[in-house]
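Visitor: I would like a close look at one part of this structure, and then a walk outward from there. Please keep the sentences short, and tell me what sits next to what.

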Amino acid sequence: MKSVLLYYSFGFALGGGEYLPLSFIAELQNMCDLTVAVDLARNFERSYESFGKGLDIDRSKIKIVQVTPPDYDPKRHSAKTSLYRFRQLKRLARNADVCISTSSIMDFGKPAHHFINMLAFGDDAFTEYIRSNYHRAKAGAWTTMKRFVSDSVLRPILGLRSKQSIIHDSRQHIYPNSRYVEKVMTQYYGPFNSTVFYPPTLFEANYAESVERDTLRVVYIGRIIPEKRITNLIGIVEKARSATSLPITFHLAGRLDQTPKYGEMLAAMAQERDWLKFVGVQYGDEKSRFLMSGSFAIHAERDEAFGIAVAEYLVAGLIPIVPDEGGTPEVVNSPALAYSTDDDAACILARLATDDSFREEQRRLCAERAQFFSKDAYLARQGEMLRKIMAG
């Protein structure tokens, strides 16, 4: 039986990104001798309690190893912590037949499989490229010198490789989580050993439960933070209400206290709008009921690498409206539901609410697309991919 080392940080809040490592663990536990390397062991245990049992993870079949110092605090991450983690991963990798990172690109000291879960994966120059809207940002002399010293002097001395050198190594295998991410990485790095692999959408709508779908309800589920442009979403719905004179409502699920000041501002907006509701965190059957209670969904983050929530909207029978940039239009795969400006989005929502033939055609297309992101379809793709990795 082969030995596999799988790394995921498990260092932050619970969220959709944890489904990939947990789903991998659930399948790999029966295929190999599995060691799971994590940043925070206690956070893995919390994730296991929240999601693992639903994925049939057998805790006794896996070994958990924390690869950061015992007193590690993710809020005070440092270069010293990164070096400590690298040395622990390299030590564990010596005895592993296969190394897998589900936390984007990590250095195991040997060829590995790297699953990209976000565009900001630790290469500062690439991050600047993304932030400058795909233009190579001109770094100052000081920044350029620091990068040179880090990549050409310090890292080689410590045995570390840069993200760029890992990507350019043909022995490594990189798995972008959308064609969009693959395209952006290729534009910056040039060709690399790549296979697009969509992350899991393990959510299943509970259609056995009777839930009345509100024909004028728009929903959102996810993090309530400025990057998700929640105020823009509210403005879009407000414009659609004004354009149609229909009582369209907007219900959002998520934690308002994740960014306190922002949450307070949004709560105040809800007090002034009786059609705007924040319903808190939704998991399990509550989440299913929440998503199935609406007819439409809306998303505003323009540089989303994939968009797990958008795939879940499709599975729940919703019609999602998404930006025409990033990975989300790739998920929905209907140009008629992708918008350039907030005014465009409001027009799409207004048309969905008033044009029966347009709405039903989009609902049909979304239902077809939802089949690709169903749990069974995902698990079939995952099984095929993991078998190839294990056979390689």
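**A threonine and its surroundings**

Guide: Leave aside residues up to four places away in sequence, and T81 touches T68, P69 and Y72. Keep in mind that this is a predicted model. T81 belongs to helix 3, which covers residues 79-93. Is T81 buried or exposed? Its relative accessibility is 9%. The cut-off for buried is under 20%. T81 therefore counts as buried.

Now try the same steps on a strand. I319 is part of strand 11, residues 319-323. Its relative accessible area is 0%, so I319 is buried. Which residues does I319 touch? With close sequence neighbours, up to four places away, left out, the list starts with S295, F296 and A297. It goes on with L337, L352 and R359. It ends with Q362, R363 and C366. For a contrast in position, take A37. I319 and A37 are 282 residues apart in sequence, and their C-alpha atoms are 38 Å apart in space.

Some of those contacts lead to a pair of helices. L352 is on the helix 13 side of a helix contact, and R359 and Q362 are on the helix 14 side. Two packed helices are described by the angle between their axes and the distance between the axes. Helix 13 spans residues 342-354, and helix 14 spans residues 356-372. Their axes lie 6 Å apart, at an angle of about 105°. Angles of 65 to 115 degrees count as roughly perpendicular. That is why helix 13 is called roughly perpendicular to helix 14. Helix 13 brings I348, R351, L352, A353 and T354 to the contact. Helix 14 brings D356, F358, R359 and Q362. Sorted by type, these residues give 4 nonpolar, 2 polar and 3 charged.

Look at two of them again. R351 lies over the face of F358, 3.9 Å from the ring centre. Another arginine is placed in a like way. R381 lies over the face of F372, and here the value is 4.1 Å from the ring centre.

Next, compare a second pair of helices. Helix 1 is residues 19-28, and helix 2 is residues 41-52. Their axes come within 11 Å and cross at roughly 75°. That angle makes helix 1 roughly perpendicular to helix 2. Y19, L22 and I25 make the contact from helix 1. F44, S47 and F51 make it from helix 2. The split is 5 nonpolar, 1 polar and no charged.

Go on past helix 2. D56 sits in the loop between helix 2 and strand 3, residues 62-66. Its phi is near 60°, a positive value in a residue other than glycine. Buried or exposed? The cut-off for exposed is over 50%. D56 has 61% relative accessibility, so D56 counts as exposed.

A second loop residue also has a positive phi. S104 has phi near 65°, and S104 is not glycine either. S104 lies in the loop between strand 4 (98-101) and strand 5 (113-115). Its relative accessible area is 2%, so S104 is buried.

S104 points us to a tyrosine. S104 and Y175 are 71 residues apart in sequence, yet 8.6 Å apart in space, C-alpha to C-alpha. Y175 is in strand 6, residues 173-175. With a relative accessible area of 4%, Y175 is buried. Beyond four places in sequence, Y175 touches H113, H114, F115 and I116. Y175 also touches T195, F197, M385 and I389. F115 and F197 turn up again in an aromatic cluster with Y175, joined by F24 and Y378.

How many aromatic pairs are there in total? The count is 19. One of them is Y188 with Y189, an edge-to-face pair. The ring centres are 4.8 Å apart, and the planes stand at 85°. Y188 and Y189 are both buried.

One last stop is L233, in helix 8, residues 230-244. Its relative accessibility is 0%, so L233 counts as buried. Beyond four places in sequence, L233 is in contact with Y220, K228, F250, I298, H299 and A300. P260 is 27 residues from L233 along the chain, and their C-alpha atoms are separated by 19 Å.

Notes: Residues numbered from 1 in each chain as written. Predicted model: local features only at pLDDT ≥ 70, side-chain atom pairs only at ≥ 80, totals over all residues. Heavy atoms only, no water. Phe/Tyr/Trp six-rings, centres within 6.5 Å; stacked < 30°, edge-to-face > 60°. Buried < 20%, exposed > 50% of the residue type's maximum accessible area, 1.4 Å probe, protein only. Lys NZ or Arg CZ within 6 Å of the ring centre and 35° of its normal. Axes fitted to C-alpha atoms, helices over the stretch in contact; angles between N-to-C directions. Helix = DSSP H or I, 4+ residues; strand = E, 2+ residues; numbered from the N terminus. Parallel < 35°, antiparallel > 145°, perpendicular 65-115°, else oblique. Contact = heavy atoms within 4.5 Å. Nonpolar A, V, L, I, M, F, W, Y, C, P; charged D, E, K, R; others polar.
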